[in-house]
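Dear colleague,

I am handing over the structure below, together with a short account of what was found in it. Please keep it open while you read.

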Amino acid sequence: MDNIKNYVQQNKERFINELIELLKIPSVSADSAYSQDVINTSEAVKASLEKAGCQFVEICETPGYPIVFGEHIIDKNLPTVLVYGHYDVQPPDPMELWTSPPFEPVIKTTEIHPDGAIFARGACDDKGQMYMHVKAFEYMIANNNLPCNVKFMIEGEEEVGSKSLGWFVERNQEKLSCDVILISDTGMISNSQPSITTGLRGLSYVEVEVTGPNRDLHSGLYGGAVANPINVLTKMIASLHDENNHITIPGFYDKVEELSAEERAEMAKRPYSEDDYKKALDIADVYGETGYSTNERNSIRPTLDVNGIWGGYTGEGAKTVIASKAYAKISMRLVPNQDWEEITELFKKHFESIAPKAVTVKVTPHHGGQGYVTPIDSIGYQAANKAYTETFGVQAIPVRSGGSIPIVALFEKELKSKTILMGFGLDSDAIHSPNEHFGIFNYLKGIETIPLFYKYFVELSK
């Protein structure tokens, strides 16, 4: 343990500078204007794996953005760990809310990160957390203490639904064969209390389009006589929740797992302050489904949220029009047993059925994925817990996350391997938001902790 701590301290500035260089590349997979940057990032990831000591690294072409695959096989009789991460990032919008440019990384101190945090798009999600694994691997190679085989699969489409990953995994099962899959794309409770994510919500993401008249109309000449698509859309969206914030789509809850009182009581033992939660978000009160706590609402319950809505004139000054069209992007976070394709179809059928005859509605599915729950009695979980306990001095707490990593269910189906989610980010790191950041403490602590996972996984596998 002292050896890895010394190695991290000796190479601290280099580790930080290498991550900063990676964060400078705007690898936004959702916007084709950044397509060359995404490709450039894949090449940078390949170079970093080669430099760290991988025996073999290649950029694998897919129908979309490439996947970087690397491996270091020391003995085929030993266990194999498959590390998954992604090098693409969310769009930086809205740009005006960033306190520093999203692709010009800077280190700033905060109340939570007195040692500093790197502010940049992708700092925590997922370049910083992915790069921890590269540096942990570098340490194990440099000190000749890699205890098992390791493979890396780093993709460039996670933020747009991992469109090509299923295609790649199905065609490369032997190449990707492993005993456990290790991912750092989640968070932990705090810098003093680590946690291991044992559950993820699924996702259904759709775009809706409401069309009224065949052109924008003068709101004085036509107002009151013709359906306004923006008015109609907002009413339709409002109807998707009842007075208890329960989703009104028929059949939506049919397969939702209701946790027992005992399980909910165990979840409630997680350290949590509602006052701190509200203070961090600058809100006067929480809001959500009646009958559930905040931590239950954002982890074990399904949700439906509007992620964007637009239509009509939004420029400076006034333009009195009734828009021809109105649009919204809607995401539904799903719990295990809810099939995302089935939910997408239920949404489409319901949304079309509640539209007045004065408009037409089009629902376009974008992407989705299944939820996932991993057992806490597996060797992988136990190895992760022992690793966290050694570096943090306290045992990790199992938690269910409100986020979605759709490929985790895919991995279990295709590769027959369990996934361990060793996250080092914090809820306050503003992922997907302006001013995303990742603590220097968290980054370096991840590099310290990951080699211990390998050590204990091999020991427990014997």
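Three strands (DSSP runs of E, at least two residues, numbered from the N terminus) make up an open sheet in the order β4-β5-β18, and their pairing is antiparallel. Strands count as paired if DSSP finds at least two bridges between them. Because β4 (106-108) and β18 (437-439) stand at the edges with a single partner strand each, one side of each has no neighbour in the sheet. From one strand to the next the twist averages 30 degrees.

This is a predicted model, in which local features need pLDDT of at least 70 and side-chain atom pairs count only at pLDDT 80 or more, while totals for chains, interfaces and linings use all residues. Residues are numbered from 1 along each chain as its sequence is written, and side-chain values use heavy atoms, with hydrogens and water left out.

β4 pairs with strand β5 (residues 117-119) over three bridges in the antiparallel sense, and Lys108 stands opposite Ala117 in β5.

Helix α14 (helices being DSSP runs of H or I, at least four residues) lies across β4, β5 and β18, running at about 60 degrees to β18; angles run from 0 to 180 degrees between N-to-C directions, and axes are lines fitted to C-alpha atoms, for helices over the stretch in contact.

The axes of α14 (residues 440-461) and helix α1 (residues 2-10) come within 10 Å and cross at roughly 145 degrees. In contact here (heavy atoms within 4.5 Å), Ile4, Lys5 and Val8 of α1 meet Leu444, Ile447, Glu448 and Pro451 of α14.

Best wishes
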